[in-house]
Amino acid sequence: MDEHKNSNKFLKHKIGIIGGTFDPIHYGHLFIAETALDKLNLDKIIFIPAGIPPHKNQSLITDSFKRVDMVKLATKKNSNFEVSTIEVNKQKTSYTIDTIKELKKYYNNKVDIFFITGDDAFINIETWKKYDELLNSTNFIVMTRSINNSKLLNEKIELYKTKYNANVTKVEIPILEISSTDVRERIKKNNSIKYLLPEEVEKYILENKLYMEQGL
Ligand code: ATP
Ligand code: MG
């Protein structure tokens with residue numbers, strides 16, 4: 001029996017992609033991935049840690065292999081979650097438009113791709129490489145992350161629908177004020193990070209003495 005949800009041969013498989021620095025991965029990331037899977041009936045989610053993210057100061061980012069290790073530890077118990085090293089293997093700046101094109105090629109265009117973001121990332125999409133082409137060619141699932149972004153987010157979604165024929169689904173989730181920045185700050189201050197991320201990731205951070213001294 002076909003184990004995929006969309007076993008009808010006329011339906012394309014639906015794959016969710018979540019990109020991020022994941023420095024470190026936390027329950028906010030896992031929750032938006034699971035919510036997207038559930039709400040849009042996706043077949044699986046691929047977590048893609050960024051190699052050299054264009055929007056962050058590279059010298060302050062944790063070694064990519066350690067970030068990948070943490071994403072693998074965090075996702076291993078969920079059989080619908082996968083991790084891809086497509087971006088970290090590149091050793092140059094990773095752009096979403098290129099990653100999506102490579103994935104589509106890999107799947108011979110036989111899948112529908114849904115890119116999952118928080119509202120903060122989506123609101124800034126105009127700073128991404130070829131964002132117009134990206135909005136036109138990829139489905140987006142945007143998760144609410146802050147009530148302060150609500151008006152701007154709705155305006156942007158409407159604009160992109162009209163201007164680029166974008167397919168954007170907004171999903172309202174309970175606001176989770178968890179961020180990697182906050183996790184890193186807590187560690188620096190010697191505060192607890194329990195219940196903000198999976199125990200396996202907490203253990204890995206402690207064993208590898210991550211975030212204790214480096215800048216934010
Ligand atoms: P940092 O504080 O270092 O920027 P982050 O917590 O924002 O880290 P990223 O790796 O930058 O994590 O985010 C990857 C994706 O996950 C982005 O699209 C971001 O908007 C989304 N995301 C992260 N945390 C949450 C959250 N708590 N709720 C909703 N979306 C989130
Ligand atoms: Mg972020």
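Q: Welcome me in at the end of a helix: which residue with a positive phi follows α8?

A: Happy to start there. α8 is followed by K209, and the phi of K209 is positive, near 50°. Keep in mind that this is a predicted model. There is a second case to look up: N108, just after α3, also takes a positive phi, of about 50°.

Q: How should I read the helix itself? Which residues of α8 are buried?

A: The general idea comes first. An α-helix has 3.6 residues a turn, so residues three or four places apart point the same way. Now the case here: V201, E202, Y204 and I205 are the buried residues of α8. Viewed down the helix axis, the buried residues lie within an arc of 160°, so they line one face of α8.

Q: And which exposed residues sit on the face of α8 turned away from its buried side?

A: That face carries E199, K203, L206 and E207.

Q: What do the buried residues of α8 pack against?

A: Their partners are α2 and α7. I205 makes a good residue to click on: leaving out residues up to four places away in sequence, I205 touches P24, M70, I187, I193, L197, L210 and Y211.

Q: Can I practise on α3? Which of its residues are buried?

A: Please do. Helix α3 spans residues 96-106, and its buried residues are T96, I97, T99, I100 and L103. Around the axis they cover an arc of only 160°, which puts them on the same side of α3. The face turned away from that buried side holds the exposed residues K105 and Y106. As for partners, the buried residues of α3 pack against β1 (13-20), β2, β4 and α5 (131-137).

Q: How do I read a nonpolar core? Which residues of the largest one touch the most other members?

A: A core here is a set of buried nonpolar residues joined through side-chain atoms within 4.5 Å. The largest has 33 residues, and I25, I45, F47, I141 and I205 are those that touch the most other members. Two or more residues come from each of α1 (27-39), β2 (44-49), α2 (64-75), β4 (111-118), β5 (139-143), α7 and α8 (199-207). The largest share is that of α1, with five residues. There is also a second, separate core of 25 residues, including L103, V111, F122 and I125.

Q: Let me try a loop residue. Is S179 buried or exposed?

A: The cut-off for buried is under 20% relative accessible area. S179 has 19% relative accessibility and therefore counts as buried. Its place is in the loop between β6 (167-171) and α7 (180-188). A polar atom of the S179 side chain lies 3.0 Å from the backbone nitrogen of D182. Beyond its neighbours within four places in sequence, S179 is in contact with H26 and R145.

Q: Now let me step back. How many helices and strands does the protein chain have?

A: The chain has eight helices and six strands. Their order from the N terminus is β-α-β-α-β-α-β-α-α-β-α-β-α-α. Contacts show how the chain folds back on itself: of those between residues at least 6 apart in sequence, 77% join residues at least 24 apart.

Q: What radius of gyration does the protein chain have?

A: The general idea is to compare the value with that of a compact globule. For 216 residues such a globule would be near 17 Å, and the chain has 17 Å, so the two agree. Along the principal axes, the C-alpha atoms fill a box of roughly 50 × 45 × 35 Å. Of the 216 residues, 46% count as buried. The chain exposes about 11,900 Å², with carbon and sulfur atoms supplying 48% of it.

Key. Residues are numbered from 1 along each chain as its sequence is written. Chains are lettered from A and ligands numbered from 1 in the order in which they are written. This is a predicted model: local features need pLDDT of at least 70, side-chain atom pairs count only at pLDDT 80 or more; totals for chains, interfaces and linings use all residues. Side-chain values use heavy atoms; hydrogens and water are left out. Helices (H or I, at least four residues) and strands (E, at least two) are DSSP runs, numbered from the N terminus. Buried means under 20% relative accessible area, exposed over 50%, partly exposed in between (1.4 Å probe, protein chains only). A polar contact is a pair of N or O atoms within 3.5 Å; within protein, one must be able to donate a hydrogen and the other to accept it, and residues adjacent in sequence count only if both atoms are side-chain atoms. Contact means heavy atoms within 4.5 Å. The arc is that of the directions from the helix axis to the C-beta atoms. The radius of gyration is taken over C-alpha atoms; the globule rule is 2.2 Å times the number of residues to the power 0.38. Accessible areas come from the Shrake-Rupley method with a 1.4 Å probe; for residues, only the protein chains shown count as cover.
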